[in-house]
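Reader: I am new to this structure and would like a close look at a single part of it, taken slowly. Please begin with one residue and work outwards to the elements around it.

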Amino acid sequence: MQPLNLSLIDILESWIAGKQPAPDELQQLAVLELADEARSRAFGINIENVSEVILARANLFQSIAMAILELPLKSINLLETSWNLWLPLAMQLATERQRVGRTLIQGILGGQGTGKTTLAAVLKLILSKLGNRTISLSLDDLYKTYSERQRLKEEDPRLIWRGPPGTHDIELGIKVLDRLRECYTLKVQKYESSKPILIPRFDKSAWEGIGDRTEPEIVDDVDILLFEGWFVGVQPIESGIFDIINLPPILTVEDRQFACDMNRKLGDYLLLWERLDRLIVLHPIDYRLSQVWRLQAEREMMAAGKPGMSDEDIYRFVEYFWKALHPELFIKPLVTNSELVDLVVEINVDHSVGRVY
C-alpha cells in the first residue's frame, strides 16, 4: 500500500470532521513519525511499535481534539503541536505512571514565555482522558511567606524581587513531594484517603503584587504531578567561573558576587530535585527571547486596559533573573545532559515547537 500524499494537518482536519482513520493515513503518519529520529527515540517509538502507537494516538486525538482546539492559545499550531508533542508526551507519562506504581513527579523547566503553564494545562486535559488525575505545582507556590521574604530583603537588599534561589520554602516542597510519592498503597492498589494532601498555593496579587501564601489545595488522589518553574532541576556550577565571567548582564564585581551567591544557594535545592522522576526542558532557540516575550505580554495587558510594567522595568526585571541564574551557564548545559534531562523541547521565536529530542 502506497502512502497518501497528504499533509499531517490535512489528515488531522479530516478526522476532526468525522472521518475515521484509514490504514493508508495511519501508514503515512507512521512514516512521518520515524522520519524524525530524535523525536521518535525520545518517545520510545521504533519500527516494531510505531503502528500500534500511531493507532492509539489517533484514537486519543479524536477523543480530545475539540477540547484542545477550544483552548485560548495564540501563536501555536494546535493540531501539529498536539500530534507531535502533547499527545505522545501525555501517553508517555501515563505509561511511566503505571511503571513506577505511585504518583509520578514530572519536572518542567523553562524560562519566562516558554510555555510551562500552557504545557501543564494541556497535559492535564489529555491525561484526564487517559484516566489520570493530574495537578500542577509551580515553584512559585513554594515561595516563603510575605513576612519571611520581607525579612530576607532586610538581610539582603539585593533580593528586590521574589524568585531567585533562597526565596522558596524548600522543606515545604520536599514534604509535599514525599507525601505524594508515599501516599500510594501498592497492597490495595488505591490511594490512601485518611490523610488529604495540602498542595501549597501562592497569590501573586497579595500585598499589592508582592504576593503571599493563600489557602492550599486539598487533594487525596494524584496520579501525576507537573512541577514547573524557571529553575526546576537546575544544578549548581563550579564557583570559579564567576571570577572570570564576562557575560551580560553579569558585568560588574557586584553582579558576579550576586551570581556566585545565588549559585551557592541553588545547592540547597538539590534534595528537592531528587524527588523528580523526570525532567523536561522547554528551551528557547535564543534565551534572550524571554525578554522579547515578556515585553509582548506586558504590552498586550496594557492594551487590554490592565496595569503593566514599562519597557525599562521589564528589561531590569528579566535581567535580574539572568544575573541570578544565567541561562547560558545553567540551562544550556542541561539540554545535553541525558542523565538529568529526559526531554528537550526547543521553542521558536513565534512560540511554536522546534526540535524535540
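**A loop glycine and its surroundings**

Author: Gly113 counts as partly exposed, because its relative accessibility is 34%, where buried means under 20% relative accessible area, exposed means over 50%, and partly exposed covers what lies in between, computed with a 1.4 Å probe on protein chains only. The model is a predicted one, in which local features need pLDDT of at least 70 and side-chain atom pairs count only at pLDDT 80 or more, while totals for chains, interfaces and linings use all residues. Residues are numbered from 1 along each chain as its sequence is written, and side-chain values use heavy atoms, with hydrogens and water left out.

Gly113 sits in the loop between S1 and H6; helices (H or I, at least four residues) and strands (E, at least two) are DSSP runs, numbered from the N terminus. Apart from its neighbours within four places in sequence, Gly113 is in contact, meaning heavy atoms within 4.5 Å, with Trp293 and His351. The helix on one side of this loop, H6 (residues 116–129), lies across strand S1 (104–110), S2, strand S7 (224–229) and strand S8 (278–284), and runs at about 170° to S7. For such angles, axes are lines fitted to C-alpha atoms, for helices over the stretch in contact, and angles run from 0 to 180 degrees between N-to-C directions.

The strands under H6 belong to an open sheet, in which 6 strands follow the order S2-S7-S1-S8-S9-S10 with mixed pairing; two strands pair if DSSP finds at least two bridges between them. At the edges, pairing on one side only, are strand S2 (134–138) and strand S10 (353–356). Averaged over the sheet, and with direction ignored, neighbouring strands are turned by 20° against each other. Strands of a sheet pair through backbone hydrogen bonds, either parallel or antiparallel.

Both senses appear around S9. Strand S8 pairs with S9 in the parallel sense over 5 bridges, and His283 stands opposite Glu346 in S9. On the other side, S9 (residues 343–347) is joined to S10 by 2 bridges, and these two strands run antiparallel. Val345 has Val356 in S10 as its bridge partner, and Ile347 stands opposite Val353 in S10. The hairpin of S9 and S10 has 5 residues between the strands, and there His351, which is one of the contacts of Gly113, takes a positive phi near 75°.

In a regular strand the side chains alternate between the two faces of the sheet. Strand S9 shows this with Leu343, Val345 and Ile347 pointing one way, and Val344 and Glu346 the other way, all of them buried. S9 is mostly covered, with 5 of its 5 residues buried.

The view can be widened to a helix that reaches the sheet through one residue. Glu96 lies in helix H5 (residues 78–100) and, because its relative accessible area is 19%, counts as buried. Leaving aside neighbours within four places in sequence, Glu96 is in contact with Leu104 and Arg278.

H5 also packs against another helix. The axes of H5 and helix H4 (residues 50–69) come within 10 Å and cross at roughly 120°. That angle makes H4 oblique to H5, because angles under 35 degrees count as roughly parallel, over 145 as roughly antiparallel, 65 to 115 as roughly perpendicular and the rest as oblique. The crossing is right-handed, a term for a near helix turned clockwise from the far one by less than a right angle, with anticlockwise giving left-handed. Among the residues that make the contact are Val53, Phe61 and Ile64 of H4 and Trp83, Trp86 and Met91 of H5. By class, the contact has 16 nonpolar, 1 polar and 1 charged residues, where Ala, Val, Leu, Ile, Met, Phe, Trp, Tyr, Cys and Pro count as nonpolar, Asp, Glu, Lys and Arg as charged, and the others, Gly among them, as polar.

Val53 also gives a sense of distance from the starting point, as the C-alpha atoms of Gly113 and Val53, 60 residues apart along the chain, are separated by 31 Å. Also in helix H4 is Glu52, which counts as exposed because its relative accessibility is 63%.
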